Amino acid sequence: MRTDGLVWSEFVLGARIIDASELSGGLTSTMLALTDATGRRSVLRLMTNEPWKAHGSALTEREASALQELEDTPVPAPVSLGLDAEGRHTGVAAHLMSRLPGNPAAEVGEVDMTAMATLLAAIHEVKPAKPFRAYQSWAWEAKWILPAWTKHAGSWQRAFDVLAEERPSYQPTFLHRDYSHRNLLWNGSEITGVVDWVETSTGPAWLDAGHAATNLALAFGPDPARTFLQRYAALTGRTIEKYWLVMDAVGFLPPPGKKPMFGSPTELDRLDHWLHDLMRVPSPT
């Protein structure tokens with residue numbers, strides 16, 4: 001039996017789908033790797049997971065717009081092939097894209113940090129025809145509650161105090177907004193693709209860099225996170241701005257009554273230490 005998503009994809013591609021398999025790692029969506037009768041490979045995003053499903057139309061429209069802006073840039077992003085933002089054909093918001101070569105990285109090394117920083121700098125140089133929406137902070141005030149698992153309560157409280165202050169000014173920049181090793185494809189030490197553009201925004205460059213650093217800290221510990229930030233600062237000439245790094249780290253706390261998205265004991269311990277490290281570093285004057 002052909003699902004609505006596959007039938008629509010066949011219509012868009014003009015060829016029968018001969019293979020469909022679910023990709024791992026998708027938090028917001030069901031991601032299907034498709035191969036059609038011509039041998040062409042594509043990826044179908046179906047916004048099936050709440051709370052993102054409720055905003056699926058805006059998310060998929062934003063991703064399609066971002067990919068169109070990136071077509072003539074050096075950023076290795078997919079090509080948007082078809083959009084069913086309202087789910088009229090697929091039942092849920094859907095976005096069909098080209099499939100890029102490469103695989104997610106199980107580990108990261110020194111060379112990888114330079115590649116990640118270089119690519120993020122290239123993303124931040126993109127000048128879209130129209131600005132994307134202003135960034136949204138994921139460190140909502142409702143999250144400013146000391147986590148039960150922390151060994152550094154004082155650092156978390158100071159972080160909350162920092163975020164309660166007026167936000168610093170920034171140069172509006174094109175952001176991926178979910179830039180991390182989890183959304184990169186690799187062939188050896190070469191990045192062959194950056195995916196998942198549903199949160200594309202305009203905002204402070206260090207919020208993007210901070211998100212990549214927090215994800216590295218949770219997955220591998222603080223050393224690659226620090227190295228990445230240093231490489232990005234050296235490449236761009238931008239001074240590290242602690243406020244945005246703190247905003248990102250606090251954003252990983254769950255809303256009251258919810259489980260954290262990344263919630264293994266190891267990840268929580270690493271988040272705890274990463275936030276503590278950030279609060280021990282003096283803010284630039």
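This text leads through the strands, the nonpolar cores and some unusual backbone positions of a predicted model.

Residues are numbered from 1 along each chain as its sequence is written. Because the model is predicted, local features are taken at pLDDT of at least 70 and side-chain atom pairs only at pLDDT 80 or more, while totals for chains, interfaces and linings use all residues, and side-chain values rest on heavy atoms, without hydrogens or water.

A good place to begin is strand β2, which covers residues 30-36 (helices, H or I of at least four residues, and strands, E of at least two, are DSSP runs numbered from the N terminus). This strand is mostly covered, with 7 of its 7 residues buried, where buried means under 20% relative accessible area, exposed means over 50%, and partly exposed lies in between, for a 1.4 Å probe and protein chains only. Both faces of β2 are covered, with T30, L32, L34 and D36 buried on one side and M31, A33 and T35 buried on the other.

The neighbours of β2 come next, with two strands counted as paired if DSSP finds at least two bridges between them. Strand β1 (residues 17-22) pairs with β2 in the antiparallel sense over 5 bridges, and E22 stands opposite L32 in β2. Strand β3 is joined to β2 by 6 bridges, again in antiparallel fashion, with L34 opposite S42 in β3. The hairpin of β2 and β3 has 4 residues between the strands, and in this hairpin G39 takes a positive phi near 90°.

From β3 (residues 41-46) the path leads on to β5, since 5 bridges join these antiparallel strands, and the partner of L46 in β5 is A94. Strand β4 (residues 80-84) is also antiparallel to β5, through 4 bridges, one of the pairings being that of L83 with H95. In β5 itself, 5 of the 5 residues (94-98) are buried, so this strand is largely enclosed by the rest of the structure.

Away from the strands, what do the nonpolar cores look like, each being a set of buried Ala, Val, Leu, Ile, Met, Phe, Trp, Tyr and Cys residues joined through side-chain atoms within 4.5 Å? The largest nonpolar core has 63 residues, of which M116, Y179, W197, F228 and V250 touch the most other members. Helix α5 (residues 205-220) gives the most to this core, with 9 residues. Apart from it lies another core, of 11 residues, which includes W8, I17, L46 and V92.

Some backbone positions in the loops deserve a closer look. Most residues other than glycine have a negative phi, and most peptide bonds are trans. Between E50 and P51, however, the peptide bond is cis, with omega about 5°, and P51 is placed in the loop between β3 and α2 (56-70). R177, a residue other than glycine, has a positive phi near 80°; R177 belongs to the loop between β6 (173-175) and β7 (184-187) and is buried, at a relative accessible area of 2%. D196 likewise has a positive phi, near 65°, and lies in the loop between β8 (190-194) and β9 (201-203), where D196 counts as buried at 16% relative accessibility.
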